[in-house]
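Let's take a walk through this protein, one region at a time. Keep the 3D view open and follow along.

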Amino acid sequence: MADPRKVAVEALRKVHADGAYSNLILHTMLQRAQLSGQDKRFASALFYGVLDRQLTLDYWLDSLMKQPFFKTAPLTAEILRVGLYQIKFLDRIPDSAAINEAVELVKSSKERYNAGFVNAVLRAATRTDLSLPEGNAPEVLAVRYSCPAPIVKTFLTDYGFDDTIGLLEASLTPPPVTLRVNTLRTTPQKLIEALKAEGIEATQADPSGALILQAGCDIAASKRYEAGAFHAQDRASQYCVEALGLEPGQRVLDLCAAPGGKSFTAAQYLQNRGEIIACDVHEHRVSLIAAGAKRLGLTVVRPQCRDSAVYDPALGTFDRVLCDVPCSGLGVLRRKPELKYQPDLLAGDLPERQLQLLKTAAKYLRPEGRLVYSTCTLHRAENEAVVEAFLASHPDFALRRQRTFMPHRDLTDGFFFAVLEQKR
């Protein structure tokens, strides 16, 4: 039987060394490890807990060591983080168990020479009053909420102090588990009853096809999942698709569709009548769209591998176009906490590339059609500013409405969408 702490440490090492996505690497490692359901949950809690609190943990570890923490050997550093996370944030784990297991982990590794060092540091942590810096400076908030100062400064600039604190606090809470009911195969109430029979509690929410589940359930293991009764989708994304104003028989273009959730929900609004061209630039991600559409029985979804930044007149025109662009992801940090540690997250030419995608999307729209621009970020430079730049160069378009979803206010992911229509 594998050790859940070892699984967590190895997964963290891959995230930090290889830049792997947290959800993908943990899913792969949990599949390979022979863990009980309880141990899988423990490994997941350690893995995501350390990613959530990494800056805070590193701050404390730095204070406990003679040399800077960043000079610590890679595997030893991950073991120390996992050990200290248990000591500071998991009351149900005895300190002695956290320390002993950390020492055993390092003893069984290539960095076994650090066993005494790990023991000394973690024992010092149990005897030391590990406090956090005081004040409201971005650098202080960065340590307190384990969110790099550039992101904190961006939130302060875009939303002010109160909302910044709300966003930072929300980033350290578990994200909601939300489903989209496949209304072509069942109803929300019938799915609620079917899931309850499997021991999964769900409640209906707005939009009408959304269900919110209890935390900690393995929804992919549900029989209703294999039967194509639902797909996972945050409520903000469902509102975005609703804003398209879809009607059966329409032709729809989803320019950056993978893994396909918005295309799947759009197909339900179309009542599986019409056509949805769902695009992605990577073949393996296009295959994810195809597999999801097949499981859900959505025959109107037609995946295509293409570069959506390049206009192709052969595609024709569409009644509705969804332009859900690649973004910094500041709205989903609690789902993908590794994003916040990327040093170039807010650098580069993201807004310029997003604007180019939006301009390309507009070329596909039929007269009096509707174009929706969306992101899962809370960076105004990628949201409102892109829309404003588009409207400045496209006077024939008008902004009908736009909305920003805030995790601490709306209980959704952070999300933005804007509805654009050609003027009559």
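## A word to start with

A residue is called partly exposed when its relative accessible area falls between two limits: under 20% is buried, and over 50% is exposed. Take Lys153 as a try-out: its relative accessible area is 39%, so this residue is partly exposed. One thing to keep in mind is that this is a predicted model.

## Charged pairs

Side chains of opposite charge can pair when their charged atoms come close. How many salt bridges are there here? The count comes to 18.

Back to Lys153: its side chain meets that of Glu139 in a salt bridge, with 3.5 Å from N to O. Glu139 sits in helix H8 (residues 138–144) and Lys153 in helix H9 (residues 149–170), so this pair ties together parts that are 14 residues apart in sequence. Glu139 is partly exposed too, at 44% relative accessibility.

Now compare a pair inside one helix. Lys107 and Glu104 form a salt bridge at 3.9 Å, N to O. Both belong to helix H6 (residues 95–107) and are 3 residues apart, about one turn of the helix. With relative accessibility of 43%, Lys107 is partly exposed, and Glu104 is partly exposed at 45%.

Then there's Arg353 with Asp349, whose side chains meet at 3.0 Å, N to O. Arg353 has a relative accessible area of 46% and Asp349 has 40%, so both count as partly exposed. Elsewhere, Asp58, Glu78 and Arg81 are joined into one network by salt bridges that share partners.

## The nonpolar cores

In soluble globular proteins, nonpolar side chains tend to be buried together. Which residues touch the most other members of the largest nonpolar core? They are Phe47, Leu84, Val118 and Leu122, out of 47 residues. Several helices give two or more residues to this core, including helix H1 (4–18), helix H3 (37–52) and helix H7 (115–127). Helix H5 gives the most, with 7 residues.

Zoom in on Leu122 for a moment. Leaving aside residues up to four places away in sequence, Leu122 touches Leu80, Gly83, Leu84, Ile87, Ile99 and Ala102. Apart from the largest core lies another one, made of 28 residues, among them Leu244, Leu270, Ile276 and Phe405.

## A four-stranded sheet

Next, find the open sheet built from 4 strands, in the order E2-E3-E1-E4 with antiparallel pairing. Which strands are at its edges? Strand E2 (202–205) and strand E4 (230–232) are, as each pairs on one side only. From one strand to the next, the twist averages 35°.

Strand E1 (residues 177–181) runs antiparallel to E4, and 3 bridges join the two. Look here for Arg180, which stands opposite His231 in E4.

## Helix H14, up close

Here's a quick check you can follow with a ruler tool. Helix H14 (residues 283–296) has 14 residues, so at 1.5 Å a residue it should span 20 Å, and its end C-alpha atoms are indeed 20 Å apart.

Which residues of H14 are buried? Val286, Ile289, Gly292, Ala293, Arg295 and Leu296 are. Among the elements covering them are helix H11 (223–226), helix H13 (261–269), strand E6 (275–280) and strand E7 (301–305), along with E4 from the sheet above. Right after H14 comes Gly297, which has a positive phi, near 70°.

Technical notes
Residues are numbered from 1 along each chain as its sequence is written. This is a predicted model: local features need pLDDT of at least 70, side-chain atom pairs count only at pLDDT 80 or more; totals for chains, interfaces and linings use all residues. Side-chain values use heavy atoms; hydrogens and water are left out. Two strands pair if DSSP finds at least two bridges between them. Axes are lines fitted to C-alpha atoms, for helices over the stretch in contact, and angles run from 0 to 180 degrees between N-to-C directions. A salt bridge is a side-chain nitrogen of Lys or Arg within 4 Å of a carboxyl oxygen of Asp or Glu. Buried means under 20% relative accessible area, exposed over 50%, partly exposed in between (1.4 Å probe, protein chains only). A nonpolar core is a set of buried Ala, Val, Leu, Ile, Met, Phe, Trp, Tyr and Cys residues joined through side-chain atoms within 4.5 Å. Contact means heavy atoms within 4.5 Å. The expected span of a helix is 1.5 Å times one less than its number of residues.
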